[in-house]
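Here are a few exercises to work through with the model open beside you. Try each task before you read its solution.

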Amino acid sequence: MRKKCALKTFSQIFAQGVMVIMLSFLQGCGLVSENTSDVVVGMLKDKYDREFISTNIGDRYNTDTATLFCYPKDNERVHFTVEYDYKNKTISDDFICRSNAVKIDDELQKTLNENSMSAATFTTFRNADNDAGNISENISDFIKSANVNELYINSAIKASCIRSEDDIQYIIDTVKALSLRYDNIEVLFSIYTIPDDSFEKCVNDMQTTTYVNDPWFKNYSFISETSFVLENGAANASAEKLASDLKE
């Protein structure tokens, strides 16, 4: 009888252990995630008076915060990051920053496309105060209120569109005009040439992500990369130098 009781006790302990593991697994893979998403989306609605959709959630296991990726229901172009603090029941997000960054990206893409250049950009406001500004103000006012001192802009250019130094010069002139429009703000502009056959996917993915960098572009087998800094209306590299970088 003792052996039978001991076996039963062991089975109970084992079952409890399996249950803990399963609950942990579920916590990381759906049940808690769905609940957290609902909470965060509700808080975003209260904060901005509009509907939002959550696409992904991470950093849940053994932490006090969850990181979610969301976009407003009426504008899928604006994907942004939200951090939810479980303990304090608060959120912090970069919705206003990303909304204004997308406006710049749309503006740049339109200008570049006017020169028959297939391109897309991803703008980041350096040192921006995420709690400053509002969604209705124009970009110039936002830059001032959020204390933005530099723009980081990564661009994907279809490789076949870079034919000569004139194409590079057009990019430099476009960035100069952008900088001038926003009080000669400093701009760090990176160019990634993307193979024609993967360009469309790269652009589509750029429009639904919250961050891009060199490793991100490697997923699209970029051919070459270069960058320049525009400060006080002048680029720190010539079109000739940048074109040479892209040929290496």
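## Exercise 1: the largest pocket

Keep in mind that this is a predicted model. Its largest pocket has a volume of about 170 Å³.

**Task.** Find out which element gives the largest share of the lining of this pocket.

**Solution.**
- Start with the lining residues: Asp94, Cys97, Arg98, Ala101, Phe122, Thr123, Thr124, Phe125, Ala128, Asn130, Thr210 and Tyr211.
- Next, look for elements that supply at least two of them: helix H3 and strand S5 (119-126) each do.
- S5 takes the largest share, with four residues.
- As for character, the lining splits into six nonpolar, four polar and two charged residues.

## Exercise 2: the length of helix H5

**Task.** Work out what span helix H5 (residues 165-181) should have, and compare that with its end C-alpha atoms.

**Solution.**
- H5 has 17 residues, and at 1.5 Å a residue the expected span is 24 Å.
- The C-alpha atoms at its ends lie 24 Å apart, so the two values agree.
- Just past H5, Asp183 has a positive phi of about 60°.

## Exercise 3: the two sides of H5

**Task.** Which residues of H5 are buried, and what covers them?

**Solution.**
- Buried here are Asp167, Ile168, Ile171, Ile172, Thr174, Val175, Leu178 and Ser179.
- Around the axis they take up an arc of only 160°, so they sit on the same side of H5.
- The face turned away from that side carries the exposed Asp166 and Leu180.
- The cover over the buried residues includes helices H3 (95-113) and H8 (239-247), along with strands S6 (150-158), S7 (186-194), S8 (224-231) and S9 (234-235).

Conventions. Residues numbered from 1 in each chain as written. Predicted model: local features only at pLDDT ≥ 70, side-chain atom pairs only at ≥ 80, totals over all residues. Heavy atoms only, no water. Helix = DSSP H or I, 4+ residues; strand = E, 2+ residues; numbered from the N terminus. Expected span 1.5 Å × (residues − 1). Buried < 20%, exposed > 50% of the residue type's maximum accessible area, 1.4 Å probe, protein only. Arc of directions from axis to C-beta. Contact = heavy atoms within 4.5 Å. 1 Å grid on protein atoms, 1.4 Å probe; cavity = no way out; pocket = protein on both sides within 12 Å on 5 of 7 lines; lining within 4 Å. Points joined across faces, edges and corners; volume = space filled by probe spheres on them. Nonpolar A, V, L, I, M, F, W, Y, C, P; charged D, E, K, R; others polar.
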